[in-house]
Amino acid sequence: MITIGNCSGFYGDRFSAMRDMLEGGRLDVLTGDYLAELTMLILGKDALKDPTTGYAKTFLRQVADSLDLALQRDVKIVANAGGLNPAGLAQAIEALGTRAKVAYVDGDDLRGRLDSHPDALTANAYLGAFGIAHALDSGADIVVTGRVTDASVVVGPAIAHHGWKRDSYDELAGAVVAGHVIECGTQATGGNFSGFLTMSPQARARPLGFPVAEIAVDGSSIITKQDETGGTVTVDTVTAQLLYEIQGPLYLGPDVTTDLTSIRLQEVGIDRVAITGVTGTPPPATLKVAVNSLGGYRNSVEFVLTGPDIDAKATWLRDQLDAELPIGPDYTWSTYRIPAPDSPTEEGAACILRLSARAADADAVGRALTAPAIELALATYPGFHVTAPPGRPSPFGIYKPAYVRRDRAPETVHLPDGSTYEVPAPLAYAEPSPQRPQTFASPAFGVAVGSLRSVPLGDLVYARSGDKGGDANLGLWVPQGKPDAAVEWLLRTVNQGWVRKLLPEAEELTIDITPLPHLRGVNIVIHDLLGEGVAASTRFDPQAKGLGEWARSRFVDIPGELL
C-alpha cells in the first residue's frame, strides 16, 4: 500500500496545507493540483509579460517553506505546478539551495504547433503518469510537471510503488478514480457538499482536512483524512467528488480508459471509504489538448433596481440604452428576481440588472459602453444607481478542446542527473479512439408510486456541478440512508425533457445523461451552457458551481412515500 495525500485543489488553495499535511501524519507522497483551464489562461498571460514565469508561484513559496520537512520525513512531492514552464520551476526549486533531487516532466506544450489554432495563447496536451513514475523510480524527491491529467499526480506514485505495467488497466483505473477523488482537495472531505448540514458542528467548525488515498497493489483504495482535522469522509462526500466534472460512463485518460459504472463504494470505518471493483481498458489513441486563445475584451455595468415596478424600470432602462449603445459588440442582459414585498431592509427590496459587452476592440466596450449608461443617471428609472464606478475593459480568453496524435506530444522526463527519458507509447489503444465518452439516456419517465408531492428536488437528492470548457456537468444522487426505491425513481425519471423542465436555461441545448446506479445517481452534461468557457462567459455563474444547488431548489413531483 502507498499513502498519498493532497495539499492543493487549485491555484490559490490554502497556503499552509503543504506544511499541515507533512506535519499531520504519515505520508509516502504529497501531491498538489494547481492547474485548470482558466489557470492555464492566467499563466499564459503571465508568460506573455515575463517568459521566465508561467508556473504556479504559490507552489514555489510552499516548497521553500516545507521542502526540508518533506526530506526529513522521506515524503516525495509531486505537483503539476510547472504549468507552462516546468523547467523554470525546477530551476527555481534548485535555487532554494536544498539537497532535494528535482525532476520535471514536459512535452505537453504545443503552442505554435497546432495547425488548427496557430495563434493560441496556450495549447497543452494532457499527459499521463508514467513519466512521473519514472522520475520517482530514478530517485527524484520532488517531481513537477506541465499539463498532466489531474489524477496523474496520484497515479504516477502508485505506478512507481507497485510496479504496474502499461497494460495493468484495472489497477491503473483504480488509481485514476482515487486520484480523481483527492485531486480537488477538500471537496472530498465536505467542501461544496450538498449534505453539509449532516456534518457535525465540530467537523464544520475546524478547517476541512485535505484528503488522503491509501492505494493497494490491486488498484483498490481507501479515501480518508488525517486525524484531528475538520470535515468528514463518507460515501456521499466521495460520491460528490466522483460526479464532479465527468462527462459520461467512460473516463478517458492518457494511460487508461476508466469505466465509471464499475465503481463500488463502501464505508469501512470512521472517515474511511473503500473504492473497489474499478475496471479499465486501453486508452484512446489521441491526446486531448486544452487550447486557450485571447478572444477580445469585455466590460459590464451593474444597475440596482429597487422597490415596486421592477419590470417596468428594467424595460425603460433597456429601451433607453438599446437606442444609444453602438452597434458591434455582443451585448448580454442578465436576468433578475423580483424582490420580496414589504422588505424590512433596502437591500432586500433590490435586485441587480447587469449589462455585459464583449468585442475584439477594447475601445468598443470602454467609454462607448459605460458613458451612455452613466449619462442616464438623472434621466431614467427612479432610484437609479450602479454597484461600482465604470471599469476599464478586461481581456477575456476562449477555451476550445483539440485532439492530437500521441507522437505530437512526447512525454519527456528530465532527471536530476541531467539526463532525459522519453516515455514509450501505450501498448494498445481503444478502438475506435473516442473523442467524447459514450453516453446513453435514462428510461423515458419515472415510476408512479402513490401520490405525488411537489417539493424541492433537494429534499430527496444531493448534487455537485462544475464546468468542462463550455459544457456544464451536473451530478445528482440519492444519499445514503434514503430508500433504494428513491434511486430507482431518480434513474427512471431523469431524461432530457425532465432536465429541460428542471433547468429552463438548458431548454435549447444538447443534454447527455449517464445512469450510474452503483453510485445511486446520474450524471448530466449540458453542452454549451457556459458558451466559450469560464474566461469568456458572461453567465451569472460562469463555472456552473451553483448549478447543482439551483437544481435542488427547483420544485418537482416526487412520490410522497419516498420522502
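**Close-up views of the predicted model**

**Figure 1. Asp-467 stands opposite Ala-472 of strand E23.** The view is taken from a predicted model. Strand E22, which spans residues 462-468, pairs with E23 in the antiparallel sense, and the pairing comprises 7 bridges. The two strands form a hairpin with 2 residues between them. Within the turn, Gly-469 adopts a positive phi of about 65°.

**Figure 2. Strand E23 (residues 471-477) is largely enclosed by the rest of the structure, because 7 of its 7 residues are buried.** Asp-471, Asn-473, Gly-475 and Trp-477 point one way from E23, and all are buried. Ala-472, Leu-474 and Leu-476 point the other way and are likewise buried. E23 also runs antiparallel to strand E25 (residues 521-526), to which 6 bridges join it. In this pairing, Gly-475 has Asn-523 of E25 as its bridge partner.

**Figure 3. Strand E1 pairs with E7 and with E2, in the antiparallel sense with E7 and in the parallel sense with E2.** The antiparallel pairing of E1 and E7 consists of 4 bridges, and Ile-2 has Ile-215 of E7 as its bridge partner. The parallel pairing of E1 and E2 consists of 3 bridges, and Gly-5 stands opposite Leu-30 of E2. Both faces of E1 are covered: Ile-2, Ile-4 and Asn-6 are buried on one side, as are Thr-3 and Gly-5 on the other. Since 5 of the 5 residues of E1 are buried, the strand is largely enclosed by the rest of the structure.

**Figure 4. Helix H6 (residues 152-162) is largely enclosed by the rest of the structure, because 9 of its 11 residues are buried.** The buried residues of H6 are Ser-152, Val-153, Val-154, Val-155, Gly-156, Pro-157, Ala-158, Ile-159 and His-162. Their cover includes strands E1 (2-6), E2 (29-32), E3 (76-79) and E7 (211-215). Helices H5 (130-137) and H7 (169-182) are also among the elements that cover them. After H6 comes Gly-163, which has a positive phi near 70°.

**Figure 5. Gln-62 lies in helix H3 (residues 57-72).** Gln-62 has a relative accessible area of 2%, and is therefore buried by the criterion of under 20%. Apart from its neighbours within four places in sequence, Gln-62 is in contact with Arg-14, Phe-15, Met-18 and Tyr-34. The C-alpha atoms of Gln-62 and Gly-9 are separated by 14 Å, and these two residues are 53 residues apart along the chain.

**Figure 6. The setting of the close-up views is a protein with 14 helices and 26 strands.** For 563 residues, a compact globule would have a radius of gyration near 24 Å, and the 25 Å of the protein agrees with this. Along the principal axes, the C-alpha atoms fill a box of roughly 70 × 60 × 50 Å. Of the 563 residues, 57% are buried. Among contacts with a separation of 6 or more, 75% are between residues 24 or more positions apart. The protein exposes about 23,400 Å², of which carbon and sulfur atoms supply 52%. The protein has 47 positive and 67 negative charges, and the mean positions of the two sets are 1 Å apart.

How values were computed:
Residues numbered from 1 in each chain as written. Predicted model: local features only at pLDDT ≥ 70, side-chain atom pairs only at ≥ 80, totals over all residues. Heavy atoms only, no water. Rg over C-alpha atoms; globule rule 2.2 N^0.38 Å. Buried < 20%, exposed > 50% of the residue type's maximum accessible area, 1.4 Å probe, protein only. Contact = heavy atoms within 4.5 Å. Areas by Shrake-Rupley, 256 points an atom, 1.4 Å probe, with all protein chains shown as cover. Lys, Arg positive; Asp, Glu negative; His and termini not counted. Charge placed at Lys NZ, Arg CZ, Asp CG, Glu CD. Pairing = 2+ DSSP bridges.
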